[in-house]
Amino acid sequence: AGLAAAGLDDEGVEAAAAAAAAGGAKAAPPVVDLEEEFRLLTLQVIGEAILSLPPDECDAVFPELYLPVMEEANLRALRPWRALVPGPGGAAYTKGIARLDGYITSLLRSRWAARGKADAPPHDDILERMLAAIAARGEAWSPALETQLCFDVKTFLLAGHETSAAMLTWTLYELCSGGGVAGGEGRECLDAVRREAAAVLG
């Protein structure tokens, strides 16, 4: 009624609304979960160092197979009773471990089978050193060995990515908050980190 009294018809009201939307407050920037981004980044680095996995495969596999298992494992560390109470979380955890073990085991089998073949792609990773040590001992491939290697790979993934992601998250937080450094020194520290990151990561 107030708009009509002001001499604005429906078309005028729509035009005014569009002008207000265009000139209104800017939308808030998207929130970035840095801890999650650093977890994915460290999984990429560790996946390449251990298994020679490219970043896109790490992104396609680990968030679906590995991170849900880790999240439930972390919850069980704080609430041990979760492992004893039946429920959808426990079933998903068991299924997730089976899927993750299956994926890692298939990689182990294919890498072991490819050793010594002329057309096998070269690998310079931790798994290659582990397989070379097994071959040097003359040890035969067995289910027990396969299970142990699967556990070893999962340990590398766990021990590496959680601590590294937490360290990166807190480092960036301290740098952005000044880290207790007054004045321009905090800005200089952050600028130095940015320059080094740009030089290393491109």
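Start with the largest nonpolar core of this predicted model. Select F62 and Y66: of the 26 residues in this core, these two have the most contacts inside it. Now colour the elements that give two or more residues to the core: α3 (34-51), α4 (55-65), α5 (67-78), α6, α7 and α8 (143-176). As background, nonpolar side chains in soluble globular proteins tend to be buried together.

Stay with F62 and show its surroundings. Leaving aside residues up to four places away in sequence, F62 touches L43, G47, L53, L67, P68 and L157.

Next, pick the loop that runs between α6 (88-114) and α7 (126-136), and find D125 there. Is D125 buried or exposed? D125 counts as buried, because its relative accessible area is 1%, under the 20% cut-off.

Turn on the side chain of D125 and look at where it reaches. One polar contact goes to the side chain of S52, at 2.6 Å. The D125 side chain also reaches the backbone nitrogen of E128, at 2.8 Å. To fill in the rest of the setting, select E48, A49, I50, L51, S52 and R111: D125 touches each of these, with residues up to four places away in sequence not counted.

For the last stop, select the cysteines C58 and C150. C58 is buried, with a relative accessible area of 2%, and C150 is buried too, at 3%. How many disulfides does a search of the whole structure find? The search finds 0, so there is no sulfur pair within 2.5 Å to display.

Note on methods:
Residues are numbered from 1 along each chain as its sequence is written. This is a predicted model: local features need pLDDT of at least 70, side-chain atom pairs count only at pLDDT 80 or more; totals for chains, interfaces and linings use all residues. Side-chain values use heavy atoms; hydrogens and water are left out. Helices (H or I, at least four residues) and strands (E, at least two) are DSSP runs, numbered from the N terminus. Buried means under 20% relative accessible area, exposed over 50%, partly exposed in between (1.4 Å probe, protein chains only). A polar contact is a pair of N or O atoms within 3.5 Å; within protein, one must be able to donate a hydrogen and the other to accept it, and residues adjacent in sequence count only if both atoms are side-chain atoms. Contact means heavy atoms within 4.5 Å. A nonpolar core is a set of buried Ala, Val, Leu, Ile, Met, Phe, Trp, Tyr and Cys residues joined through side-chain atoms within 4.5 Å.
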